[in-house]
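Trainee: I would like to go through this model with you, one question at a time. Where should we begin?

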Amino acid sequence: SIDSDVRVQRDLQAKASAEQNQLEIISLEKLKLLVESDLASAPSAVGVSDIPDNCEVVTAQITSLVNKVCVTEGTKVTKGQTIAVLEAMKANFHVHASESGVLTKLMVSEGEMVELGGSIAMITLTNESTINQNGGTKQSHEKMSSSLHSMQIESLREAY
């Protein structure tokens with residue numbers, strides 16, 4: 001009787017565990033669809049044709065709340081300097097200047113929501129070596145991925 005009760009409890013536990021695993025798989029699939037949908041519909045507040053050749057636009061790598069703006073228009077910034085702090089999923093994400101220059105246009109304010117890919121600031125470059133052969137400096141996918149990676153590392157550092 002005790003052995004049969006233990007067996008029944010183990011069977012119930014195994015069934016509950018399998019059910020929980022299935023629910024986690026479904027949740028992850030739904031999350032993946034939401035992220036893919038968010039990426040596909042990400043707005044671009046500034047079109048590529050609107051960016052002067054000697055400028056870079058810093059964009060949000062996640063839909064989030066602008067928690068803090070760290071610089072003002074007209075401020076000289078250096079590559080890697082924190083421009084703003086975004087908050088999403090109870091974590092802070094530092095948005096860094098992609099290049100050195102002068103922050104010529106701030107496109108967000110504290111307390112405002114910014115969408116994935118939304119423009120945060122425009123930096124007029126001061127270092128001639130950052131301007132490519134065509135005179136343009138449009139952000140590449142690699143640069144955006146690098147920026148996202150930096151934000152994730154910074155968030156992990158703050159969390160621990």
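Mentor: Begin with a definition: buried means under 20% relative accessible area, exposed means over 50%, and partly exposed lies in between. Keep in mind that this is a predicted model.

Trainee: Is Leu-31 buried, exposed or partly exposed?
Mentor: Leu-31 belongs to helix 1, residues 2-40. Its relative accessible area is 48%. Because that value lies between the cut-offs of 20% and 50%, Leu-31 counts as partly exposed.

Trainee: Which residues make the nonpolar surface patch of about 330 Å²?
Mentor: Leu-31, in helix 1, is one of its members. The full set is Leu-28, Leu-31 and Leu-34.

Trainee: What is the strand order in the open sheet of four strands?
Mentor: Take the pairs in turn. Strand 4 and strand 5 (residues 91-96) are antiparallel over six bridges, strand 2 and strand 4 are antiparallel over four bridges, and strand 2 and strand 7 are antiparallel over two bridges. The order is 5-4-2-7.

Trainee: Which are the edge strands?
Mentor: An edge strand here pairs on one side only. Strand 4 pairs with strand 2 and also with strand 5, while strand 2 pairs with strand 4 and also with strand 7. The edges are strand 5 and strand 7 (113-114).

Trainee: In strand 5, which residue is the bridge partner of Ala-84?
Mentor: On the strand 2 side, Ala-84 is the bridge partner of Val-69. In strand 5, the partner of Ala-84 is Val-95.

Trainee: Which residue of strand 5 stands opposite Glu-87?
Mentor: Glu-87 of strand 4 is also the bridge partner of Leu-65. Strand 4 and strand 5 form a hairpin with two residues between them, and Met-89 in the turn has a positive phi of about 55°. Opposite Glu-87 in strand 5 stands Asn-92.

Trainee: Which residue of strand 7 stands opposite Ser-64?
Mentor: Strand 2, residues 64-69, includes Ser-64. Strand 2 and strand 7 run antiparallel over two bridges. The residue opposite Ser-64 is Val-114.

Trainee: Why is strand 4 described as largely enclosed by the rest of the structure?
Mentor: Strand 4 covers residues 82-88. Buried residues are those under 20% relative accessible area. Strand 4 is largely enclosed because the number of its seven residues that are buried is five.

Trainee: How many residues does strand 4 supply to the largest nonpolar core?
Mentor: The core has 20 residues, and Val-77, Ile-83, Leu-86, Val-114 and Ile-120 touch the most other members. Strand 2, strand 4, strand 5 and strand 8 (119-125) each supply at least two residues of this core. The largest share comes from strand 4, and that share is four residues.

Trainee: How far apart in space are Asn-67 and Met-113, C-alpha to C-alpha?
Mentor: Asn-67 lies in strand 2 and is partly exposed at 35% relative accessibility. Setting aside residues up to four places away in sequence, Asn-67 touches Val-85, Leu-86, Glu-87, Asn-92 and Glu-110. Asn-67 and Met-113 are 46 residues apart in sequence, and their C-alpha to C-alpha separation is 9.2 Å.

Terms used:
Residues are numbered from 1 along each chain as its sequence is written. This is a predicted model: local features need pLDDT of at least 70, side-chain atom pairs count only at pLDDT 80 or more; totals for chains, interfaces and linings use all residues. Side-chain values use heavy atoms; hydrogens and water are left out. Buried means under 20% relative accessible area, exposed over 50%, partly exposed in between (1.4 Å probe, protein chains only). Contact means heavy atoms within 4.5 Å. Patches are made of residues with over 30% relative accessible area and no salt bridge: like charges are joined within 9 Å, nonpolar side chains (Val, Leu, Ile, Met, Phe, Trp, Tyr) within 5 Å. Accessible areas come from the Shrake-Rupley method with a 1.4 Å probe; for residues, only the protein chains shown count as cover. A salt bridge is a side-chain nitrogen of Lys or Arg within 4 Å of a carboxyl oxygen of Asp or Glu. Two strands pair if DSSP finds at least two bridges between them. A nonpolar core is a set of buried Ala, Val, Leu, Ile, Met, Phe, Trp, Tyr and Cys residues joined through side-chain atoms within 4.5 Å.
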